[in-house]
Amino acid sequence: VQLQASGGGLVQAGDSLRLSCTASGRTFSSLVVGWFRQAPGKEREFVSAVTWSGDRTNYADSAKGRLSIFRDAKNTVHLQMNVLKPEDTAVYYCAGRFGSMQVSTKYYRYWGQGTLVTVSS
């Protein structure tokens with residue numbers, strides 16, 4: 001599985017941004033795609049994940065109510081981020097695994113390159 005992340009940028013607090021993760025290669029129905037982020041000096045943390053069928057999603061507490069994850073018909077998983085805050089500033093990574101939905105980075109085998117999101121106050 002190859003994952004390509006895109007959509008990062010510089011925005012102001014309160015703005016919205018949509019990140020995209022395009023998958024290629026093996027995309028079986030058991031694929032789970034997750035988004036993680038890593039702020040400077042901090043460990044990489046779970047943000048959200050979705051099953052390839054789109055029937056199940058999971059969000060970190062910090063993401064609930066502001067972020068929405070979904071997959072479109074073109075093998076792309078999107079992370080819609082609304083009401084962005086300065087503390088959302090981080091490099092965002094998409095990752096994939098086959099099997100159950102997990103929140104730990106250690107369970108994800110496939111990683112895309114990061115995309116930087118910077119939220120100014």
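Which residue has its charged end over the ring of Y93? In this predicted model, the answer is R44, whose charged end sits over that ring at 3.6 Å from its centre. R44 also lies over the face of W111, where the distance to the ring centre is 5.0 Å. The surroundings of these two rings are a place to return to, once the strands that run through the structure have been introduced.

One sheet is open and is made of four strands in the order β1-β3-β8-β7, with antiparallel pairing. Its edges are formed by β1, which covers residues 2-6, and by β7, which covers residues 67-71, and each of these strands pairs on one side only. On average, neighbouring strands of this sheet are turned by 15 degrees against each other, if direction is ignored. Within the sheet, strand β3 (residues 17-24) and strand β8 (residues 76-81) run antiparallel and are joined by six bridges. One position that can be followed by eye is R18, whose bridge partner in β8 is Q80.

Strand β8 also holds H78, a residue that deserves a closer look. H78 counts as buried because its relative accessibility is 11%, and the cut-off for that class is under 20%. The side chain of H78 is joined to the side chain of S20 by a polar contact of 2.9 Å. When residues up to four places away in sequence are not counted, H78 touches R18, L19, S20, W35, S68, I69, F70 and D72.

The loops on either side of β8 each contain a residue with a backbone angle worth checking. In the loop between β7 and β8 lies N75, which has a positive phi of about 60 degrees although it is not a glycine. N75 is partly exposed, with a relative accessible area of 27%. In the loop between β8 and β9 lies V83, which likewise is not a glycine and yet has a positive phi, of about 50 degrees. With a relative accessibility of 47%, V83 counts as partly exposed.

A second group of strands can be followed from β4 through β5 to β6. Strand β4 (residues 31-38) runs antiparallel to β5, and six bridges join the two. Among the positions that can be traced here is F36, which has F46 as its bridge partner in β5. The hairpin formed by β4 and β5 has six residues between the strands, and G41 in its turn has a positive phi of about 80 degrees. Strand β5 itself, which covers residues 45-51, is mostly covered, since six of its seven residues are buried. On the way to β6 (residues 57-59), the chain makes another antiparallel pairing, in which three bridges join β5 to β6. In this pairing, V50 stands opposite T57. The hairpin of β5 and β6 has five residues between the strands, and there G54 takes a positive phi near 85 degrees.

How many aromatic pairs does a search of the whole structure find? The search finds six. One of them is formed by Y93 and W111, whose rings are 6.4 Å apart from centre to centre, with 80 degrees between the planes, an edge-to-face arrangement. This pair links distant parts of the chain, with Y93 in strand β9 (residues 90-98) and W111 in strand β10 (residues 110-111), 18 residues apart. Y93 is buried, with a relative accessible area of 17%, whereas W111 is partly exposed, at 30%. W111 also pairs with Y108: the ring centres are 6.5 Å apart and the planes stand at 65 degrees, so this pair is edge-to-face. Y108 counts as buried, at 4% relative accessibility. The residues F36, F46, Y93, Y108 and W111 form one aromatic cluster, and the bridge partners F36 and F46 thus reappear here together with the two rings, Y93 and W111, that R44 lies over.

The last stop is V119, found in strand β11, which covers residues 115-120. V119 counts as buried, at 6% relative accessibility. If its neighbours within four places in sequence are left aside, V119 is in contact with V11, Q12, A13, L84, K85, P86, D88 and T89. The C-alpha atoms of V119 and R66 are separated by 14 Å, and these residues are 53 residues apart along the chain.

Terms used: Residues are numbered from 1 along each chain as its sequence is written. This is a predicted model: local features need pLDDT of at least 70, side-chain atom pairs count only at pLDDT 80 or more; totals for chains, interfaces and linings use all residues. Side-chain values use heavy atoms; hydrogens and water are left out. Two strands pair if DSSP finds at least two bridges between them. Axes are lines fitted to C-alpha atoms, for helices over the stretch in contact, and angles run from 0 to 180 degrees between N-to-C directions. Buried means under 20% relative accessible area, exposed over 50%, partly exposed in between (1.4 Å probe, protein chains only). Rings of Phe, Tyr and Trp (its six-membered ring) pair if their centres lie within 6.5 Å; planes under 30 degrees apart count as stacked, over 60 as edge-to-face and the rest as tilted. A charge sits over a ring if NZ of Lys or CZ of Arg is within 6 Å of the ring centre and within 35 degrees of the ring normal. A polar contact is a pair of N or O atoms within 3.5 Å; within protein, one must be able to donate a hydrogen and the other to accept it, and residues adjacent in sequence count only if both atoms are side-chain atoms. Contact means heavy atoms within 4.5 Å.
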